[in-house]
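Got the viewer open? Here is a walk through the model, one selection at a time.

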Amino acid sequence: MSTTGKPRPIDERRAQFKRYKEDVKKRGKPFYPFAMFHDTVMSLVVVTVIVGLATLWKWTSFGPHHDGLNQGLLGPEYTAPADPGTTSFVPRPDWYFYFLFYLLRIFKWPNTVVLGTVIIPNILLVLLLALPFIDTRRERRLTRRPVAVVAAILTVVSMGVLTWKGATAKEALASEVILDVPSWIKANNLPPAAVPGAKLFAVSGCTACHTYSGSGSSNLGAPDLTSIGSQNLGITFQINHLKCPSCVNPGSPMPKFESLGEQRLRQLAIFLEASKGPK
Amino acid sequence: MAARRPPSKSQARREQMSAAVNFPLDWLEERSGLVGGIKYFLFRKVPGDTNWMQTLGSATLTAFIVQAVTGVILAMYYKPTPEAAYSSIQNITDHVTMGWLVRGMHKWGASVFIILMFLHMGRVFLFGAYKYPRELNWIVGVLLLAMGMLEGFTGYLLPWDQTAYWASVVGINLNGTAPFLGPWLAQFLRGGQEIGAETLTRFYSLHMLVIPGAIAGLIVLHLYLIIRLGVTSPPWSAEAAGEEWEDEAPTELRAGLTRAGSGGAAS
Amino acid sequence: MDPAEPDQPHVPAPTIGPVGFAIGVVVILVGLIVNPVWISTIGVVIAVIFAFVWARESTSELRGRRAAVEPEVRPAEAEPAAAAEATASPDSAERFPRSKFLEASTLGLGAVIGGVVTVPVAGFAVLPAFLGQKRHEVDLGPVSEITEGQWYIATFMTDPAEGETSRRTAFIRNNGSVKSGSTQVPSFTIISNRCAHLGCPVQANGPTGAILGLKDVVEVTKNGKITMTPTVPAGFGCPCHGGQYDTEGNRTAGPPVRALDRYSFDIRNGRLTLLSTFSVSQVDGTGAQAQIHAYKLAGPGQHVDGLEQILYPLQPPHH
């Protein structure tokens with residue numbers, strides 16, 4: 001008790017806790033078998049789920065798949081052995097790190113990298129640890145804890161969105177995009193002259209920023225190119241634009257593709273001009 | 001003393017059996033006190049209205065035990081060198097009897113463990129069960145969450161396939177971007193300048209010994225605190241609010257909080 | 001001893017003295033038959049030791065020592081005076097004036113033991129990651145096999161003894177020769193394929209190998225099998241988080257914090273040899289005329305220039 005004799009809030013909480021404990025002792029039910037029964041049922045569910053997933057994984061996977069396709073419902077049993085010299089692999093963490101992974105894609109300016117990698121995750125961890133010292137109110141009813149409920153909903157929603165976006169993030173991996181080319185040709189009725197350009201388009205990293213016929217991801221405002229041909233910009237324009245995009249279109253962040261050489265630039269231009277969209 | 005009826009045959013047999021069971025238990029109890037401890041744990045009182053959501057904690061513990069047991073068995077067949085790791089996993093999956101099941105349980109058990117930890121954390125948060133006097137237990141729980149995720153990260157490297165290798169490259173370099181100590185931390189984790197055999201054995205040691213030891217110790221502390229501090233009622237609990245007591249003036253009641261003593265002095 | 005039965009002979013419990021003495025005598029006798037020199041001597045030693053023990057036990061009462069009692073036996077009732085004396089024990093500090101010394105030495109010795117165990121173990125865990133980094137040199141084969149002006153994706157093992165874990169990839173272009181002082185020196189652009197953001201494998205943005213219709217250059221050197229796949233890149237791109245680089249390795253888009261790392265090289269006996277890697281903030285110009293702003297090797301994601309370089313003042317040791 002404080003020196004003035006008036007009970008401090010902590011003393012009141014101590015007294016209430018003491019009464020709570022006495023009340024539980026008097027009117028509570030023994031842990032075994034009442035609560036332990038619930039725990040046992042739940043544990044049985046957990047073990048069943050784990051065994052079920054393991055069995056389903058075995059049944060649906062088709063051995064090692066080095067191309068990332070035909071994964072089976074729960075993924076392959078193992079991918080290719082580690083190759084530190086590869087140039088055709090898209091690293092991804094385990095799914096429960098996807099929200100952190102996507103944070104790295106959000107902070108795409110070089111000056112902000114350390115924010116996404118280290119600072120923000122650590123701030124979140126510290127906030128989590130300090131929660132009992134941030135929220136010291138006694139109230140436990142949800143209807144009277146608006147800040148807590150809103151924070152919980154925001155956290156769950158944002159982590160869910162970040163995890164989902166991390167899971168669906170697509171990359172312009174040349175060895176994967178090249179396999180989409182036949183479907184491009186079919187869907188957009190591309191003439192045979194456009195096929196070499198289509199292949200070049202697939203392996204030159206264009207789909208890192210542009211979308212085309214369902215492939216690729218849009219980044220930095222790069223337009224979808226499925227129907228670029230219907231704008232009838234002309235072969236010459238396309239070649240000049242590819243050689244130096246910022247010369248033709250000031251302020252464009254698109255890098256130069258000059259080093260591909262005249263012949264390949266022409267093939268790309270033919271492909272782009274032939275892309276008039278799906279029939 | 002009134003004369004007792006002579007015990008029936010079945011009653012006598014039951015008494016004999018209970019004496020036979022109790023004898024070793026009493027022997028153990030007198031020499032260690034363990035039986036009494038377990039009995040205290042089993043028969044301690046918990047609020048009568050505990051919810052199904054409050055089983056998530058013990059479900060997480062079950063998932064961890066599954067991981068520990070399957071992990072120990074996997075460790076008997078896994079070889080932690082870059083040359084042999086991949087083929088030992090292939091061996092476990094394809095050739096060892098029930099190896100596919102143990103490996104599958106371990107891999108999916110990891111995801112289940114992490115999901116259950118997050119659900120349990122959410123339940124504790126929504127119940128307000130991190131408030132006085134359970135702040136320390138919450139901190140222990142957050143540390144358990146961090147340890148669990150680290151366990152998943154270190155275990156991810158062990159199969160030494162493409163996914164494992166590159167996820168670990170990025171993860172370690174992530175640590176390397178921390179200011180000042182980052183490059184040193186990354187080099188320590190890698191066991192050198194490049195990821196190689198030292199990284200694999202280092203991660204294996206962390207995954208098998210250091211982090212599970214830390215998790216086990218924290219779990220013991222976590223359980224001790226739960227037993228000592230008691231289990232909470234759900235915050236909407238009518239019983240906790242003492243609504244059925246008619247002899248308490250309504251203003252004395254604080255619904256959802258620790259209840260006032262029955263018939264005791266006003267708070 | 002029961003005082004009610006004075007006639008009962010006093011038979012004390014067997015102790016070890018007489019038994020051991022008897023055994024010693026037996027060993028002497030056996031030794032006389034089997035091996036007088038060794039076994040009898042042992043028997044004599046045993047007999048003497050236990051005779052001594054026996055004598056001490058028998059005479060313990062004479063010497064005023066109390067009779068041996070079982071441990072953990074306490075008298076049923078202490079006399080009131082003795083009880084009072086026992087409970088009114090003087091202050092611990094007075095009775096044990098050395099407790100402070102014992103405390104300090106316990107803690108001190110404990111700290112020393114802790115240190116002796118922990119420091120070498122911690123050193124073992126921490127130091128090898130930072131000491132004794134090996135220097136790797138990679139022999140990529142004759143320069144004549146590397147067509148001038150053509151980009152190649154070269155994979156090699158930096159240390160064949162370590163096997164596949166030491167496999168690395170670099171983008172190589174032969175820039176021909178450039179004038180340096182009064183001589184012509186060879187110029188190569190050799191760029192590491194590890195992204196400067198978080199170390200993911202960077203790919204060449206352009207047709208490669210089979211699509212080009214060109215065959216790989218394959219050499220077998222002391223670094224094992226070297227494969228060089230021709231490519232025509234417009235730049236380089238990283239599939240992890242969308243980093244993009246131009247053909248000199250400068251960052252053009254995305255989160256990379258600097259340009260791609262480069263290998264320093266040497267031409268030995270007409271063979272291209274890769275030496276150590278270094279970090280690059282920026283490259284001005286192209287090909288043989290490139291001005292490379294080089295820095296000590298830093299890990300991915302670590303700035304080497306600009307304001308943020310103060311975050312990474314000290315790099316761990318490496319070759």
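Before you count anything, a word on what counts: helices are DSSP runs of at least four residues and strands are runs of at least two, each numbered from the N terminus. Keep in mind too that this is a predicted model.

**Stop 1: chain C, the overview**

Select chain C and colour it by secondary structure. You should find 5 helices and 13 strands. Of its 319 residues, 32% are buried. If you look at contacts with a separation of 6 or more, 50% of them are between residues 24 or more positions apart.

Now colour by domain. The assignment gives domain 1 as residues 1-64 and domain 2 as residues 138-311 of chain C. How far apart do the C-alpha centres of these two domains lie? Draw the distance and you'll get 89 Å between domain 1 of chain C and domain 2 of chain C.

**Stop 2: a sheet in chain C**

Stay on chain C and pick out strands S5, S8, S9 and S10. They make an open sheet of 4 strands in the order S5-S8-S9-S10, with antiparallel pairing. Why do S5 and S10 of chain C have one side without a neighbour in the sheet? Strand S5 (203-205) and strand S10 (251-253) are at the edges and each has a single partner strand, so one side of each stays unpaired in the sheet.

Zoom in on the S5 end. Here S5(C) pairs with strand S8 (residues 235-237) of chain C in the antiparallel sense, over 3 bridges. For a landmark, show C:Gln203, whose bridge partner in S8(C) is C:Gly237.

**Stop 3: the nonpolar cores**

Next, click on C:Ala154 and C:Ile172. Within the largest nonpolar core, which has 125 residues, these two touch the most other members. Which element gives the most to this core? Helix H5 (residues 99-127) of chain B does, with 13 residues.

Go back to C:Ala154 and show what surrounds this residue. Leaving out residues up to four places away in sequence, C:Ala154 touches C:Leu140, C:Thr169, C:Ala170, C:Ile172, C:Ile226 and C:Met228. Apart from the largest core there is another one, of 6 residues, including A:Phe97, A:Tyr98, A:Leu100 and A:Leu104. As background, nonpolar side chains in soluble globular proteins tend to be buried together.

**Stop 4: a covered helix in chain B**

Select residues 182-190 of chain B, which is helix H8. Is this helix mostly covered or mostly open? Mostly covered: 7 of its 9 residues are buried. The buried residues of H8(B) are B:Gly182, B:Pro183, B:Ala186, B:Gln187, B:Phe188, B:Leu189 and B:Arg190.

To see what does the covering, add helix H7 (162-176) and helix H9 (197-229) of chain B, then bring in helix H5 (99-126) of chain C; the cover includes these three. Just after H8(B), check the backbone of B:Gly191, which has a positive phi, near 70°.

**Stop 5: chain A, the overview**

Hide the rest and show chain A. This chain has 11 helices and 3 strands, arranged along the sequence as α-β-α-α-α-α-α-α-α-β-β-α-α-α. Its radius of gyration is 29 Å, where a compact globule of 279 residues would be near 19 Å. Turn the chain around and you'll see a C-alpha trace spanning about 90 × 50 × 40 Å along its principal axes.

Colour chain A by domain: domain 1 is 1-81, domain 2 is 87-169 and domain 3 is 174-274. The C-alpha centres of domain 1 of chain A and domain 2 of chain A are 21 Å apart.

**Stop 6: where chains A and B meet**

Bring chain B back. The contact takes 62 residues from chain A and 74 residues from chain B. On the chain A side, helix H1 (9-27), strand S1 (29-30), helix H2 (31-60) and helix H4 (113-134) each supply at least two residues. H2(A) gives the most, with 16 residues. By residue type, the chain A side divides into 37 nonpolar, 7 polar and 18 charged.

Now zoom in on S1(A). This strand pairs with strand S1 (residues 45-46) of chain B in the antiparallel sense over 2 bridges. Label A:Lys29 and you'll find B:Val46 of S1(B) opposite.

**Stop 7: where chains C and B meet**

Finally, show chains C and B together. This contact takes 23 residues from chain C and 23 residues from chain B. The residues on the chain C side divide into 11 nonpolar, 10 polar and 2 charged.

Note on methods
Residues numbered from 1 in each chain as written. Chains lettered and ligands numbered in written order. Predicted model: local features only at pLDDT ≥ 70, side-chain atom pairs only at ≥ 80, totals over all residues. Rg over C-alpha atoms; globule rule 2.2 N^0.38 Å. Contact = placed C-beta atoms within 7 Å. Nonpolar A, V, L, I, M, F, W, Y, C, P; charged D, E, K, R; others polar. Domains from an automatic or database assignment. Pairing = 2+ DSSP bridges. Core = buried A, V, L, I, M, F, W, Y, C linked by C-beta atoms within 7 Å. Buried ≥ 20, exposed ≤ 12 C-beta atoms within 10 Å, placed from the backbone.
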